[in-house]
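I set out to look up how one sheet is put together and what lies against it. My entries follow below the display.

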Amino acid sequence: MSPETRRTFWQSLWRQLPFFVWLIVVWMLLWGEFSAFSLVSGIVVAFVVTRIFLLPPVELSGRVNVWYLAVLAVTFSVAVVAGSLQVTLQVLNPRRYPGTAIIGVQLETDDDLIMTHVGVTASLIPGSLVVQTDRANRILYLHVLGIDDDESLRQAKAEVRRWERRIVRAVGSRDQMDALRRTEATA
């Protein structure tokens, strides 16, 4: 194996390592235990999955801001609890039918991974669900509960955009961060 081939192999392996580790963690969570057996079987499953189901490589930004990642995790946890309470109150109130709407939210970032993160985040918070994505125009279409008027519609769209900004701050590239700063400066 030539030095160039070896270097390419190790670079490819390094880029795929986060996904490989993530597959192992998901496998262990599915089994509900963190044991030597689930670790070894997770490694085997992750290896098989990454070799059989060849997906196009996802280019990571190579930047993780630990502070903003922690802020994102805490904010997300609070949003999940608050969303659960809101949906519960809407469902248990027999006198009032919660308004619903399909909304389209134009994202600012032109990145598949960020768009996916925003869509997954929005879908995991109770009360909203991504129903379609328009990749070419960077639009997420969501079904949202609790839309009663134009103001609640505006707030729902603004919340999705805030999730996009939080995700870009946590894991976005330097170019995405610069674009975010420019957008915030003009707003």
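I looked first at I102 and found it opposite H143 in β3. The two strands concerned, β1 and β3 (residues 139-145), pair in the antiparallel sense over seven bridges. I took strands (E, at least two residues) and helices (H or I, at least four residues) as DSSP runs, numbered from the N terminus, and I counted two strands as paired if DSSP finds at least two bridges between them.

I noted that the model is predicted: local features need pLDDT of at least 70, side-chain atom pairs count only at pLDDT 80 or more, and totals for chains, interfaces and linings use all residues. Residues are numbered from 1 along each chain as its sequence is written, and side-chain values use heavy atoms, with hydrogens and water left out.

I then traced the sheet, which is open, has three strands in the order β1-β3-β2, and pairs in antiparallel fashion. Its edge strands, each pairing on one side only, are β1 (100-106) and β2 (128-134). On average, neighbouring strands are turned by 25 degrees against each other, direction ignored.

Next I checked the helices, with contact meaning heavy atoms within 4.5 Å. Helix α4 (residues 112-124) packs on the sheet, touches β2 and β3, and makes about 155 degrees with the direction of β2. Helix α5 (residues 150-171) also packs on the sheet, touching β1 and β3, and its direction makes about 45 degrees with that of β1. Axes are lines fitted to C-alpha atoms, for helices over the stretch in contact, and angles run from 0 to 180 degrees between N-to-C directions.

Last, I looked up R138 in the loop between β2 and β3. Its phi is near 60 degrees, a positive value in a residue other than glycine.
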